[in-house]
Amino acid sequence: MFANWVSELKSGNLDHRSWIFENIVVIKIINAYKTVKKGKTPENGILDIGEPWTIRDLYFLHPMVKDPTFWRDLLTGINLRIKHIHKNKKLYKHISAVIDGAY
């Protein structure tokens, strides 16, 4: 289910769920990315109200989630939608900086 969700995100089919692209959700994902990079378990949080999983569910159940690349790829997909659809330049630049390792 989650692989399909990510695929839909990257293709733009989740744009109607605009709250996914809000600061609070993106910050949860950024924090999960940073935490996983340190080899630790991320804090829990909901990625999408319309789906049954949480960040912790993914961490413990998804085979790729303990790899920081997974989180970077997820942030990249979200950032593409923010750039092209939601046009939140500040959030786009923030995510880009995180992906590039600036902080």
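Helices here (H or I, at least four residues) and strands (E, at least two) are runs assigned by DSSP, with numbering that starts at the N terminus. With that in hand, Ile-49 can be placed in the loop between α2 and α3. What you're looking at is a predicted model. The chain averages a pLDDT of 86, and 99% of its residues reach 70 or more. Below is a quick tour of helix α4, the nonpolar core, the aromatic rings and the loop between α2 and α3.

**Confidence**

- Among the elements of the chain, α2 has the highest mean pLDDT, at 91.
- At the other end of that ranking sits α1, with the lowest mean pLDDT, 83.
- As a rule of thumb, predicted coordinates shouldn't be read in detail where pLDDT is low.

**Helix α4**

- Helix α4 covers residues 68-86, which makes 19 residues.
- From first C-alpha to last, α4 reaches 25 Å, close to the 27 Å expected at 1.5 Å a residue.
- At the N-terminal end, Asp-67 acts as the cap: one of its side-chain oxygens lies 2.9 Å from the backbone nitrogen of Thr-69.
- Just past the helix, Lys-87 takes a positive phi of about 50°.
- The buried residues of α4 are Phe-70, Trp-71, Leu-74, Leu-75, Gly-77, Ile-78, Asn-79, Arg-81 and Ile-82.
- If you want a reason for the spacing of residues on a helix face, an α-helix has 3.6 residues a turn, so residues three or four places apart point the same way.
- The cover over those buried α4 residues includes α1 (2-11), α2 (23-37), α3 (55-61) and α5 (89-99).

**The nonpolar core**

- The largest nonpolar core holds 30 residues, and the ones touching the most other members are Trp-5, Trp-71, Leu-74, Leu-75, Ile-78 and Ile-95.
- Elements giving two or more residues to this core are α1, α2, α3, α4 and α5.
- The top contributor is α2, with 7 residues.
- Take Leu-74: setting aside residues up to four places away in sequence, Leu-74 touches Trp-5, Val-6, Leu-9, Ile-29 and Leu-47.
- For background, nonpolar side chains in soluble globular proteins tend to be buried together.

**Aromatic rings**

- There are 6 aromatic pairs in the structure.
- One of them joins Phe-2 and Trp-53 edge-to-face, at 5.2 Å centre to centre and with 85° between the planes.
- That pair ties together distant parts of the chain, since Phe-2 is in helix α1 and Trp-53 is in the loop between α2 and α3, 51 residues apart.
- Both partners are out of sight: Phe-2 is buried, and so is Trp-53.
- Tyr-59 and Phe-60 also pair edge-to-face, because their ring centres are 5.3 Å apart and their planes stand at 85°.
- Burial splits this second pair: Tyr-59 is buried at a relative accessible area of 9%, while Phe-60 counts as exposed at 52%.
- Phe-2, Trp-5, Trp-53, Phe-70 and Trp-71 form one aromatic cluster.

**The loop between α2 and α3**

- Ile-46 lies in this loop and is partly exposed, with a relative accessible area of 41%.
- Beyond its neighbours within four places in sequence, Ile-46 is in contact with Trp-19, Val-25, Lys-28 and Thr-54.
- Take Lys-28 from that list: its C-alpha is 8.4 Å from that of Ile-46, and the two residues are 18 apart along the chain.
- Asp-48 is found in the loop too, and its relative accessible area of 1% makes it buried, because the cut-off is under 20%.
- The Asp-48 side chain reaches the backbone nitrogen of Gly-50 at 2.9 Å.
- Leaving out neighbours within four places in sequence, Asp-48 is in contact with Trp-5, Arg-17, Trp-19 and Ile-20.
- Ile-49 is exposed, given its relative accessible area of 65%.
- Between Ile-49 and Asp-73 the C-alpha to C-alpha distance is 20 Å, and they're 24 residues apart in sequence.
- Thr-54 lies in this loop as well, and at 15% relative accessibility Thr-54 counts as buried.
- Not counting neighbours within four places in sequence, Thr-54 is in contact with Asn-44, Gly-45 and Ile-46.

Terms used: Residues numbered from 1 in each chain as written. Predicted model: local features only at pLDDT ≥ 70, side-chain atom pairs only at ≥ 80, totals over all residues. Heavy atoms only, no water. Expected span 1.5 Å × (residues − 1). Buried < 20%, exposed > 50% of the residue type's maximum accessible area, 1.4 Å probe, protein only. Contact = heavy atoms within 4.5 Å. Polar contact = N/O pair within 3.5 Å; in protein donor to acceptor, adjacent residues only side chain to side chain. Core = buried A, V, L, I, M, F, W, Y, C linked by side-chain atoms within 4.5 Å. pLDDT = per-residue confidence, 0-100. Phe/Tyr/Trp six-rings, centres within 6.5 Å; stacked < 30°, edge-to-face > 60°.
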